[in-house]
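Here are some short exercises to work through with the model open beside you. Try each task before reading its solution.

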Amino acid sequence: PKLMDPAEFGKLSQQAMLDCQALCAQLESDNNDNNDRTTSSSRMTRHHAVAILHQLDDISRIVCNVIDAAELCRSSHHDATWRTAADGAFAVLSDYIAQLN
């Protein structure tokens, strides 16, 4: 992520959560649509299973892009303002990951 100011960590973490929430909603909607089209005896199609894996991978990528940058910054940046902002983003996204799990 592009970070020019410590406050951008908060913005990035919020945007990551919004993006992930949209993907989660799409995942739920797609799953409900798939359930509506199948009978109790049929199984999920390979295409649908692969689509779910891609959506889960997208969620992971979005969160990790920000939380990995925050982890690096909070553990190595020379400026305390940056470390504090990164620590806040790390905490917010760690909580969000716990909710996703």
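**Exercise 1.** What volume does the largest pocket have, and which elements give two or more residues to its lining?

*Solution.* Keep in mind that this is a predicted model. Start with the volume: the largest pocket comes to about 180 Å³. Next, look at who lines it: the residues include C24, L27, L56, I59 and N101. Then sort by element: α1 (8-37), α2 (46-76) and α3 (80-100) are the ones that give two or more residues. Among the elements, α2 gives the most, with five residues.

**Exercise 2.** Sort the lining of the largest pocket by residue class.

*Solution.* Take the classes one by one: eight lining residues are nonpolar, two are polar and none is charged.

**Exercise 3.** Compare the span of α3 with the expected one, and then work out why its buried residues lie on the same side.

*Solution.* First, the length: α3 has 21 residues, and the expected span at 1.5 Å a residue is 30 Å. The model's α3 reaches 30 Å from its first C-alpha to its last, close to that expectation. Second, burial, meaning under 20% relative accessible area: W82, A85, A86, A89, L93 and Y96 of α3 are buried. Because these residues cover an arc of only 95° around the axis, they fall on the same side of α3. Third, turn to the face away from the buried side, where T84, D95 and A98 are exposed.

**Exercise 4.** Which backbone nitrogen does a side-chain oxygen of D79 reach at the start of α3?

*Solution.* Go to the start of α3 and find D79: one of its side-chain oxygens comes to within 2.7 Å of the backbone nitrogen of T81.

Terms used:
Residues are numbered from 1 along each chain as its sequence is written. This is a predicted model: local features need pLDDT of at least 70, side-chain atom pairs count only at pLDDT 80 or more; totals for chains, interfaces and linings use all residues. Side-chain values use heavy atoms; hydrogens and water are left out. On a 1 Å grid over the protein atoms alone, a cavity is a set of points where a 1.4 Å probe fits but cannot get out, and a pocket is an open set with protein on both sides within 12 Å along at least five of seven lines; lining residues have an atom within 4 Å of a point. Grid points are joined across faces, edges and corners, and a volume is the space filled by probe spheres set on the points. Helices (H or I, at least four residues) and strands (E, at least two) are DSSP runs, numbered from the N terminus. Ala, Val, Leu, Ile, Met, Phe, Trp, Tyr, Cys and Pro count as nonpolar, Asp, Glu, Lys and Arg as charged, and the others, Gly among them, as polar. The expected span of a helix is 1.5 Å times one less than its number of residues. Buried means under 20% relative accessible area, exposed over 50%, partly exposed in between (1.4 Å probe, protein chains only). The arc is that of the directions from the helix axis to the C-beta atoms. A polar contact is a pair of N or O atoms within 3.5 Å; within protein, one must be able to donate a hydrogen and the other to accept it, and residues adjacent in sequence count only if both atoms are side-chain atoms.
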